[in-house]
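Colleague: I would like a close look at a single part of this complex, with the criteria spelled out as you go.

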Amino acid sequence: MTETGRSALAPDSAGTFSAVVERTAVTRLSVTEFRSYGSLKLDLDTRPVVLTGSNGVGKTNLLEAISFLTPGRGLRRARLAEIGRRDAGEEVSDMVRPWAVAAQIALGEDCYDIGTGCAPDMSGAGRDKRTIKINGEAAKSQSALGRLVAMQWLTPHMDRLFVDAASGRRRFIDRMIMGLDPEHAGPVSAYEHALRSRNRLLKDGVTDSHWLASVEDSMVRHGVAVAARRLETIERLRAYCLVGDGPFPDAKIDMTGELETWLQELPALAVEDRFRDRLAASRQMDAVAASAVVGPHRSDLTVHYAGTGRAAEECSTGEQKGLLITLVLAAARMQAEERGYVPLLLLDEVVAHLDAQRRAALFDRLRHLGAQAWMTGTDAGHFEPWGSDAQFLTVTAGTVLAQTC
Amino acid sequence: MATTDIDRLIQLLAKLPGLGPRSARRAVLHLIKNKEALMIPLSRALDLAAENIRTCAVCGNLDVVDPCPICADPRRDGSVICVVEEVADLWAMERTAAFRGRYHVLGGVLSPLDGVGPEDLNIDGLVARAGQDEVKEVILATAATVDGQTTAHYVSDRLGDCGVKISALAHGIPVGGELDYLDDGTLSAALKARRSI
């Protein structure tokens with residue numbers, strides 16, 4: 001395992017990179033008391049990683065551990081109390097158990113040591129939170145991770161992304177934007193806080209118009225910022241979703257919603273005024289609906305199969321998977337172009353429903369993208385085309401062994 | 001001292017902000033070891049403070065006299081009122097020695113999710129003060145959080161009919177800060193709050 005942290009990246013089939021890009025790679029991973037792992041240490045190089053093993057041995061747990069190197073609740077959106085190691089059959093309680101993930105991240109020629117984990121709050125005040133260290137220094141907030149590590153993931157749970165509720169698609173696009181601009185988390189969380197505050201006021205029957213207007217003003221300022229940022233990002237991402245060849249379908253993407261429609265027609269300040277007026281006028285209706293009838297929390301990411309014009313939710317299971325892969329790879333390419341380094345890719349059971357031709361095409365795109373992709377699967381044979389271009393690890397219950405090629 | 005007394009002391013100290021049971025145990029042991037030099041003087045100081053400290057009926061500051069020395073000081077500029085969330089913020093402003101006006105302590109921020117409404121804050125008192133002829137400007141110095149800014153918006157709405165100038169603390173580049181290290185939100189706020197030089 002002698003590959004260096006720096007890599008000259010090849011263009012993919014959509015064209016060449018407009019700037020020199022570096023690869024983000026995990027070169028050392030240490031996992032302690034995390035899910036099924038007591039203690040695990042892995043030394044790696046910057047090549048893609050293939051994790052194979054039977055069902056339930058802990059392959060996804062390793063991807064989840066890596067996902068905690070970015071802000072948020074990881075790829076399973078887990079509560080802190082769910083993450084600490086438990087004995088087989090032991091039920092999850094509200095008690096947080098200590099866990100830790102430490103990694104060395106190579107960004108081109110630079111290396112960073114990142115540690116994250118959770119030590120339970122002994123005061124019993126329920127103030128458990130994830131702590132983060134970067135190069136030995138405690139980071140003030142999770143956004144410090146976002147500024148350092150870019151990551152995209154694709155899990156079997158996301159296979160229903162186009163069919164399930166719009167909230168999942170909004171989270172998907174917001175996480176994509178945070179990969180480009182970690183500060184996007186600020187307005188998103190400020191808007192959600194203001195929305196919850198207004199819902200509470202309406203539920204409690206508060207009629208103080210000054211108070212409601214103040215909370216709505218906060219919703220308006222942050223909500224329009226969120227909607228505008230989503231629109232801008234979709235606009236740029238669109239070109240990356242139209243590759244034009246290969247077995248994966250091109251995707252036509254859009255953000256739809258009232259705010260988005262207004263933003264296409266009016267300046268942002270006029271949209272703020274209109275949003276403010278709508279909120280003031282819809283208080284009674286919103287009290288009944290238990291939420292605002294307008295706002296970026298009602299927007300949706302719409303995806304169509306470009307070749308047929310069909311909405312993604314009407315496509316076959318295989319086509320939906322193909323569209324998802326197109327979206328994730330497009331986002332990774334855009335991140336590479338705009339941030340100057342290719343994100344880490346966590347691809348859980350990604351080849352499960354792909355035939356040999358599509359598997360080969362996916363591996364080809366990943367090679368050209370130059371990402372350190374972490375791929376899991378039950379059948380090592382599916383990943384044979386990687387040959388010595390990837391690191392092969394076999395996962396058994398609680399342990400990981402490197403395979404020599 | 002019986003074990004139950006020590007436990008009681010630990011339990012009480014552990015309720016203080018920033019202290020958990022472990023820190024409380026260390027503090028109690030330190031007090032016991034330094035009974036004459038620390039524990040007894042602290043106990044007396046707590047007794048005196050509990051007996052004498054009162055809330056200023058004018059501004060909401062804490063002191064042993066009411067009105068507080070700031071409200072009673074004729075050299076302070078009564079035409080400007082700085083509105084802060086908590087007494088700790090008032091102390092922070094005073095440490096700067098940059099403000100010579102008077103204060104108004106709200107006692108928190110509006111937070112529907114925590115059940116804090118306008119009636120829980122000292123807002124009516126502020127409106128009454130701002131209506132006096134002497135007052136020309138109210139400076140809103142609430143935190144740059146969602147609830148802090150919502151509270152500032154609410155207070156400015158309520159002061160709308162008082163005929164006073166309403167201003168807010170600037171948000172942006174900290175003193176000694178370098179642009180390259182600022183996040184986008186802070187830099188945008190600084191750009192919006194730019195001023196002529």
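Which residues make the nonpolar surface patch of about 320 Å²?

Modeller: This is a predicted model, in which local features need pLDDT (the predictor's confidence in each residue, from 0 to 100) of at least 70, side-chain atom pairs count only at pLDDT 80 or more, and totals for chains, interfaces and linings use all residues. Residues are numbered from 1 along each chain as its sequence is written, chains are lettered from A and ligands numbered from 1 in the order in which they are written, and side-chain values use heavy atoms, with hydrogens and water left out.

The patch is made by Ile53(B), Leu62(B), Val64(B) and Val65(B); patch members have over 30% relative accessible area and no salt bridge (a side-chain nitrogen of Lys or Arg within 4 Å of a carboxyl oxygen of Asp or Glu), and nonpolar side chains, namely Val, Leu, Ile, Met, Phe, Trp and Tyr, are joined within 5 Å. Accessible areas come from the Shrake-Rupley method with a 1.4 Å probe, and for residues only the protein chains shown count as cover.

Val64(B) lies in the loop between strand 2 (62-63) and helix 4 (69-72) of chain B, where helices (H or I, at least four residues) and strands (E, at least two) are DSSP runs numbered from the N terminus. With a relative accessible area of 48%, Val64(B) is partly exposed, the class between buried (under 20%) and exposed (over 50%).

As for confidence, chain B averages a pLDDT of 93, and 98% of the residues score at least 70. Within chain B, the mean is lowest in helix 8 (residues 184-192), at 81, and highest in strand 4 (residues 101-105), at 98. For the complex, the predictor gives an ipTM of 0.74 and a pTM of 0.82.

Conventions. Patches are made of residues with over 30% relative accessible area and no salt bridge: like charges are joined within 9 Å, nonpolar side chains (Val, Leu, Ile, Met, Phe, Trp, Tyr) within 5 Å. Buried means under 20% relative accessible area, exposed over 50%, partly exposed in between (1.4 Å probe, protein chains only).
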